[in-house]
Amino acid sequence: MEIWFNPSNAIESALSTIAAQTDGFGPEFIPGVRPADPRFGDYQANGVLAFAKRNQVNPRELAARLIAAAEASDAFDPKLVTLDIAGPGFINFTLTPAFLWQWQLAYSTKDDYQSGAKALRDGHKVIIDYPSANTAKQAHIGHLRPMVIGQAIARLLDFCGADMVRDNHIGDWGTNFGTLIMKIKRDAIDLSALGDDALITLDQLYKDGSALELEQPELRTISRNELVLLQQGDQVNTAIWEQIVEISKIAFEKLFVQMGVEVDITLGESFYRDKVQRVYDELTQIGLAEESDGALVVWHDEVKKFARDNERPYPFNIRKNDGASNYASTDLATVLYRLEEFKADEIIYLTDARQQDHFQQLFLTTEKWFKAKGYALPVMSHVFWGTILGSDKKPFKTKSGESIKLQELLDEARSRAFDVVTEKNPELDEAERREIAESVGIGAMKYADLSSNRTQDYVFSWDRLLSFEGNTAPYLLYAVARINSIFRKVSIDPEAPIEGASPLETETEIALARKLMGFVSALELTLNDLRPHFLCTYLYELASAYSSFNAADKVLVDDDAIKARRLLLCARTRTVLQTGLELLGIQPLERM
RNA sequence: GCACCCGUAGCUCAAUUGGAUAGAGCGCCUGACUACGAAUCAGGAGGUUGGGGGUUCAAGUCCCUCCGGGUGUACCA
């Protein structure tokens with residue numbers, strides 16, 4: 001029997017083969033192997049229960065027959081894996097310490113761990129529609145989740161073999177430009193002279209402009225005209241618009257660098273303004289879009305909410321009644337562009353949960369449109385998350401009604417982490433403490449956002465976001481730092497091969513080895529639903545298993561074989577933790 | 001009104017999508033540093049999974065119904 005890299009999959013296929021040759025089972029039998037509660041074993045198969053139910057037979061008897069057949073085959077060496085039956089008909093598989101040890105010897109590097117993951121999205125062209133930010137506005141706390149979740153998902157997909165295009169789909173063609181240009185012209189602002197805080201000034205100009213419109217409604221007409229001029233390509237307004245977009249891009253670039261967000265292309269909504277006409281034409285030509293109240297819309301009768309005869313009409317409005325494009329028009333044009341330009345196999349959208357209707361309509365429309373035209377339809381998914389709420393359970397605002405600025409949040413994270421580092425490690429020089437604080441502070445913030453199920457809303461709290469104890473980034477970073485410390489002490493490169501190790505013995509060694517093996521399953525689970533908290537949970541459990549091992553079993557003992565074995569476990573743990581942290585966008589540290 | 005989402009320990013969250021005795025962290029209580037790093041470890045208390053009914057070998061998870069909260073409801077993105 002070979003040492004399976006991915007035991008869950010290996011057991012699943014072995015059982016399928018065996019069942020096909022065993023009386024009482026049919027081809028429709030699915031073993032249903034999954035990681036089990038460690039109290040019962042490493043993996044469990046519970047497909048026998050469902051199968052027995054469908055076929056009106058005794059599940060325990062059936063399970064016993066399958067186990068007997070499995071044991072008679074050469075697929076399960078009893079020295080490496082044991083099978084037993086439990087409860088109404090579960091089959092439990094327990095890997096022996098001998099298996100766990102051989103697994104550690106067989107698979108050791110990041111590449112080894114990645115080899116299983118690579119198959120998951122091998123060569124897939126995936127476009128990720130990155131955290132889109134509106135131009136001319138400062139990023140606030142609402143931009144935290146898209147950036148954090150987006151980069152983690154992009155790194156995961158990349159690790160799993162996808163060919164990624166990270167597209168920064170900026171909102172650079174909105175109606176807000178009318179107001180902004182009106183105010184800029186009115187105050188004769190020279191945008192090129194604003195300096196470093198240009199975006200803050202723009203932000204203020206927009207707010208002041210909006211306030212002014214409320215006081216003097218006649219200004220709205222002027223703003224609307226400025227927008228029309230811009231859309232018609234007026235030279236002066238286009239120049240102003242270009243400057244505004246440039247200022248915004250520079251400001252966002254600064255944040256992206258701090259947040260570790262990578263961008264491959266930046267194609268804003270303005271890029272698609274000459275591409276929407278084809279959308280109108282094609283959707284009209286295939287009979288999908290029609291006029292309604294002067295607008296061009298698409299109905300989806302199979303969904304009650306979007307059906308034509310719904311008491312409150314809710315079509316997908318793809319062109320406004322004044323003839324202007326909107327969110328839907330550019331999104332449709334964008335899908336087509338991504339197909340034709342990038343040959344996208346998959347497109348992932350990142351927005352909060354409130355936009356689910358939009359994406360449902362977008363996906364339905366694209367599906368029908370592409371089918372009618374014979375275009376290849378990419379897989380489209382909407383990765384959404386809950387809102388960050390204030391203590392009043394409303395979307396988060398400070399007392400003055402403003403959202404916390406993202407920059408302010410990052411600075412607070414660094415500053416809190418710096419205080420803790422200084423308290424714990426006063427002997428380190430300031431530059432190193434700053435570097436550690438960067439990873440700990442920003443890492444803690446990211447991890448807090450990633451470690452809970454993204455679909456839930458959560459209430460904002462500094463302490464929640466910047467906690468350094470328990471299931472947090474610093475806990476994982478600390479485990480890595482301690483491992484590094486051990487290798488430093490004996491002057492051994494943790495990446496180097498380790499020879500002469502003896503097999504696993506203690507309970508904590510075995511528990512750690514067991515946990516190490518689970519990395520690939522954790523990746524699969526995370527990728528399935530694009531929910532990073534599964535990876536966080538796994539990494540936390542691994543770090544916890546390591547901490548227990550570290551407390552129970554001394555690594556640097558006199559016996560060379562025991563020392564080598566424990567150093568090997570340390571090295572493996574380090575590799576998995578570092579790889580996992582990098583996937584989450586958290587920078588591992590040599591010491592902290 | 002209609003549609004969708006949510007309600008789990010004092011607090012913040014898990015529970016591999018219907019699997020076995022619902023798990024963690026924080027907080028609280030007991031212990032463990034002349035150290036391979038205590039940002040840690042070992043242990044304890046804490047639950048009628050909002051209430052009620054149903055489906056089945058099995059329900060926090062699925063169905064029905066109440067209660068409480070959130071979101072969306074074409075020409076903002």
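**Contacts with RNA strand B and the nonpolar cores**

A backbone N or O atom of Met592 lies 2.5 Å from a base nitrogen of RNA strand B. The model is predicted, with local features requiring pLDDT of at least 70 and side-chain atom pairs pLDDT 80 or more, while totals for chains, interfaces and linings use all residues. Residues are numbered from 1 along each chain as its sequence is written, and side-chain values use heavy atoms, with hydrogens and water left out.

Q: What makes the approach of the Ser485 side chain to a phosphate oxygen of RNA strand B a polar contact?
A: A polar contact is a pair of N or O atoms within 3.5 Å; an N or O atom in the side chain of Ser485 is 2.6 Å from a phosphate oxygen of the strand, so the pair qualifies. For the side chain of His533 the corresponding distance to a phosphate oxygen is 2.7 Å, which therefore also meets the cut-off.

Q: Why are Arg34 and Glu269 counted among the residues that surround RNA strand B?
A: A residue is near a strand if one of its heavy atoms lies within 4 Å of it, and 68 residues surround RNA strand B, the closest including Arg34 and Glu269. Sugar and phosphate account for 58% of the strand's atoms that come within 4 Å of the protein.

Q: Why is Leu66 called a member of the largest nonpolar core?
A: Such a core is a set of buried (under 20% relative accessible area, 1.4 Å probe, protein chains only) Ala, Val, Leu, Ile, Met, Phe, Trp, Tyr and Cys residues joined through side-chain atoms within 4.5 Å. Leu66 is one of its 131 residues, and among those that touch the most other members.

Key
Chains are lettered from A and ligands numbered from 1 in the order in which they are written. A polar contact is a pair of N or O atoms within 3.5 Å; within protein, one must be able to donate a hydrogen and the other to accept it, and residues adjacent in sequence count only if both atoms are side-chain atoms. Buried means under 20% relative accessible area, exposed over 50%, partly exposed in between (1.4 Å probe, protein chains only).
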